[in-house]
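Good morning, colleagues. Please take a moment with the sequence and the structure on the screen, and then I shall walk through the main features in turn.

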Amino acid sequence: MKAPFSWLKDYVDIDITAQELAEKLFSCGFEVEELSYLGEKINRVVVGEVKSVTPHPDSDHMQICIVDCGEEYGRDLQIVTGASNVYVGMKTPCALDGSQVVDGEEIKKIKKGKLRGVESLGMLCSGEELGINDDYYAGAEVNGLLDLAKDAPVGEDIRKIVGLDDWIFDISITANRPDCQCILGVAREVAAVLKKPFKAPDYSFTAQKTNAQPIEVEVAAPELCPRYVGHYVENIKEAQTPAWMRKRLALSGIRSISPVVDITNFVLLEMGQPMHAFDADEIGERKIIVRRAKKGEKIITLDEKEFTLSCDNLVICDGNKPVALAGIMGGLNSEIKPTTKNVFFESAKFARDNVRKTSRALGQSSDSSSRFEKGVDAYTNERGMARALHLIEELGCGTVTDMRRDVCAVDLTPRKMTTSVAKINALLGIRVPESEIVAILTRLNFKPEIDGDSLTVEIPGYRDDIDGYPDLAEEVIRMYGYEHITPTFLEKASVTGGGLTDEQKRELHLKNVLRVQGFSEAYNYSFYSPKDFELMKLSANDAKRNAVKILNPISEELSIMRTFLAPSMLQNAVRNIRRGNDEGRLFEVANVYLPKNTQAGEQPEERKRVVLGIWGGKNDFFDMKGAIERIAEAFHLDFSFERAEQTYLHPGVSAKIICDKNSVGELGELDPAIALSLGLDKKVYLAELDLTAIEKQMDDRIRYKNLPKFPATQRDLALLADEKLTCAEIEEVLLHSCKYVTKATLFDVYRGGQVPEGKKSMAFTLTFTPDQNVEKAFTPETLDGFVKKILGNLKFKLGVELR
Amino acid sequence: MKEKIEALRLETETAMAQTETGRGLYELKVKFQTALKGIMSGMKDLVKEDRPAFGKIVNEFKQSIEEKFEARALVVREMEMQKKYASERVDITMPGKSYKAGALHPITLVKNELIDIFSGMGFKVFEGPEIETDYYNFTALNTPKDHPARDMQDTFYLAENLLLRTQTSAGQIRVMEKDTPPIKILSPGRVFRSDDDATHSPMFHQMEGLVVDKGITLCDLQGMLAEFARKMFTSSTKVRLRPSYFPFTEPSVEVDLSCSECGGKGCRLCKGTGWIEVLGAGMVNRHVLENCGVDPDVYTGFAFGMGIERIAMLKYGINNIKTLFENDTRFLEQFED
């Protein structure tokens, strides 16, 4: 919302600077996002009077002028001009040496210099060089020097003369205060915050009896048009829009067109009421019907665009056809023209969401529609119309008649609310004096009345946002000042126990388990591209393709909700490798979304997963497997690994993770074919675990076991095994051949040399731990006995021998 | 006999003075004891009367030498230590060795810190679904059907009544429906808005706080946020409330904190104002309480919501929100503990 300082001063005697006012507005809830000085680009330009004009000796179009710019700047400045409209006695803007004027959007600096050998101490200016048009100052668009009024004082700053000595407040208006989307609304707040009287504009007019055939108004869709005020104005006369109004419009960036159009624009800016003027003689059957459009109905708007409508669109129709797209734009067929004799003014309230939906759906918008989208109140419908009619009279451009229509589905009796000073103070937590509350609410037009403990207010017609005593509390505190709020610490509240749930604690624990293994934490968007499915080589019927789709995504790349996390992790690894981060480890814990019946509005299932990525360095499959095993240890999970094929993993270097007989995840090396397609020169390992699936088994409680009386002892065994035997098969025998073997750890695998073809040497460290029942430490002889038994079993079950 | 003893004394003492290691000293001692045994075995050749006197001499000799051994041992140990110190001396300017742990993401770090601060004040952590119904995300939060916030411009829709939550406030409703006051919850999580430019990310994180109890006031909100600001930033951080609007609170406030960079004097970070907008808050709107079956004439409450990324960016001096989602290890590793 842009408000010129000079305009606000029409309604309030403001005796502080624009900067001070900006701070006042900020403190009461109106943040001034930008405060700009209108004459910012113009500097050192003053009113000069041309004393003499002589032709330039070396030019056929330039003239040498002696200009009086007053005592301060010089009484006889020699300035050369090329403008042909210069004359002796002319008062015109004079840009002095070192001054600034504008050249389109650019700033032009003026310095003294010589023009074809003749010294010129500055430049005489046109309106264009000051960046103004006729609406700012009459004659500003003349091709040549700006011919100022004869009473312009010599030496005066030109900005003060042409209306550029002004500030524009760009105010951010919160969504609950549509009443402040206009100059008047802001002025009301200014008056309240400055504790000054508010000078209301003139709403008076005299309705003349008319003999014109009545125009009837029917509102067939009151839910979309709660109030429709119409007024007939006849004998539209040609008239000139006065300079004061043209300037107000110009400050808001609106060009003057004709008095009637200017009045509708002015009322929108001043009162916040969008107005529309129909050429009354074009209204078929003298009827105005406000209704939903019929499916396929067409309208051509003022800007000559044609729209095909649906029954979600509200139209204003005459007896035959749509004549306006309600709240958005009038129809070409009823537009007012220079020849228009009679006008039917409309000042209405249209439902804001309907205006917005129609505007979006048709791609058509206007100042009116954006105003309606914010909300217009029924009270202002009437005020806006009155103001427009007053201006018709004031400008003398028509005769206001007594043909007035007001179809209103809204209760217009002022709303009253009763509460108490105590309640307001209880919510605020401080004691604002009753007299102060009354004074504030009075300044805000709430007409407060105190009766014993109760406080009764009448809510101003333009304050649709007020619906409870907390709203009044807010009105009070924003004017009283938030600096009065003193910090307290829940003095009256109960003590409550806080903290994380067990599940949340486990998530944090998991993150730390991974962190200490060198994994850093990643955060990725919850959505990705359908192309990721192709990249991961998912088959057409892969369950992971069944994803929730966003109806209005930012782009195709961010259009589907993740069903697994590996694609994001792969992208992270790729980005890192491409940026030269040759080796790294990342993890992410996030939800995936598995659709149920989305169309029926059923929320998808959200499952928490963790994804791990390792790339580069000397890492291999077992680094990743180790990380997964570490998770199992930390949460007392019993994981086993089975060979499995995932479309995006190396078929020989991947496995699925089994927990409690269920497959709960997978790990492995990225399929080299994918790596090749991505141009990766490093191996990438990925693992993903469904945390929701193992949530119930995850147990990170720590339980102490009594220490054995005697220390554990270790023996290393180098075994000769068939190539096809797996480590797990041998481990199984090692662990189950002797009850004291608590750990069997593979530490070396060797092939070649003395190892026969088709065999491999596998070296294990066995840990023998005496249990509570063992009465003395194991002697070497006892251990020999255990080893002998183990070797016997290995030989018998697997054909494995000691090397 | 005496000559032998003197010879052994001389030999042992000379050798001892030259011995500089514990091992050498031990060997010398063994050698001395062997020699002494030899001398003592010659005692049987002495006349009986001479034996006690001789025995006394030998004993005194033995004792004096052993004392010398002990004294020398102390010297030798000291010499050995000095040698060890010298030989084991390292170049302390060589790089230290450490096992490299990873780092938690700054979003997690800030989230954890917030949870720490508020759980100490009795807040329970609640995480609601990220895909929400229209009702929980908007309607129950007093955001009427025609509110601009509901426009397709801002919200990602999955179906007519299903959307990616735009605010963690949705969690408020779920908690209030389930629990009865006193309620103190903290609801962190992912939220989504259809905004993607230099300063906006379509996904970010919020932390929502809600207190509902008897007699809760705006002053309590101010007090709690002041405590938060001091703990999250510095003990001199100040809080400023200013009027604002959110559909689910009334009164609503924007909460500014004094700029941590310049301490409120005005700098680039705070655009010269000395204040930084950090969060939105307010007293819970009566309609919201009613929608959850909480009697607004008995209970009042406040709610606040902040962007975790925003806090992280302020706290760590990160200038681009997009960096947070690139997962560049050079970025992440800077957040190691």
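**Domains, strands and the contact between the chains**

The C-alpha centres of domain 2 of chain A and domain 6 of chain A are 104 Å apart. I should say at once that this is a predicted model. The two domains just named belong to an assignment that gives chain A domain 1 (2-38 + 167-194), domain 2 (43-161), domain 3 (216-408), domain 4 (416-484), domain 5 (502-694) and domain 6 (713-802).

Let me stay with chain A as a whole. Its C-alpha trace spans about 125 × 80 × 60 Å along the principal axes. The radius of gyration of chain A is 42 Å, whereas a compact globule of 803 residues would have a value near 28 Å. In secondary structure, chain A has 21 helices and 38 strands. Of the 803 residues in chain A, 42% are buried. If one takes the contacts in chain A between residues at least 6 apart in sequence, 70% of them join residues at least 24 apart.

Now to one helix of chain A. Which residues of helix 6, residues 243-251, are buried? They are M245(A), R246(A), K247(A), R248(A), A250(A) and L251(A). These buried residues pack against strand 1 (2-4), helix 1 (5-8) and helix 7 (259-271) of chain A. After helix 6 of chain A comes G253(A), with a positive phi near 80 degrees.

Next, I turn to strand 29 of chain A, residues 584-594. This strand is mostly covered, with 10 of its 11 residues buried. Strand 29 of chain A pairs with strand 30 of chain A, residues 605-615, in the antiparallel sense over 11 bridges. Within that pairing, N591(A) stands opposite K608(A) of strand 30. Strand 29 of chain A also runs parallel to strand 26 of chain A, residues 520-521, and 2 bridges join them. Here E521(A) stands opposite F587(A) of strand 29.

Both of these elements, strand 26 and strand 29 of chain A, reappear at the contact with chain B. How many residues does each chain bring to the contact? Chain A gives 77 residues and chain B gives 73 residues. On the side of chain A that touches chain B, the elements that each supply at least two residues are helix 2 (18-27), helix 8 (352-362), helix 11 (421-428), helix 13 (469-480), helix 14 (502-515), strand 26, helix 16 (566-578) and strand 29. Helix 13 of chain A provides the largest share of that side, 6 residues. By class, the side of chain A that touches chain B has 33 nonpolar, 29 polar and 15 charged residues.

Finally, chain B itself. Chain B is divided into domain 1 (2-87) and domain 2 (106-335). The centres of these two domains of chain B, taken over C-alpha atoms, are separated by 85 Å.

Chain B has an open sheet of 3 strands in the order 2-4-3, with antiparallel pairing. Why is one side of strand 2 (131-133) and of strand 3 (157-159) of chain B left without a neighbour in the sheet? Both stand at the edges with a single partner strand each, so one side of each has no neighbour there. Neighbouring strands of this sheet are turned by 35 degrees against each other on average, direction ignored. Strand 2 of chain B and strand 4 of chain B, residues 162-164, run antiparallel and are joined by 3 bridges. In this pairing, E132(B) has L163(B) of strand 4 as its bridge partner.

Thank you for your attention.

Key
Residues numbered from 1 in each chain as written. Chains lettered and ligands numbered in written order. Predicted model: local features only at pLDDT ≥ 70, side-chain atom pairs only at ≥ 80, totals over all residues. Domains from an automatic or database assignment. Buried ≥ 20, exposed ≤ 12 C-beta atoms within 10 Å, placed from the backbone. Helix = DSSP H or I, 4+ residues; strand = E, 2+ residues; numbered from the N terminus. Pairing = 2+ DSSP bridges. Axes fitted to C-alpha atoms, helices over the stretch in contact; angles between N-to-C directions. Contact = placed C-beta atoms within 7 Å. Nonpolar A, V, L, I, M, F, W, Y, C, P; charged D, E, K, R; others polar. Rg over C-alpha atoms; globule rule 2.2 N^0.38 Å.
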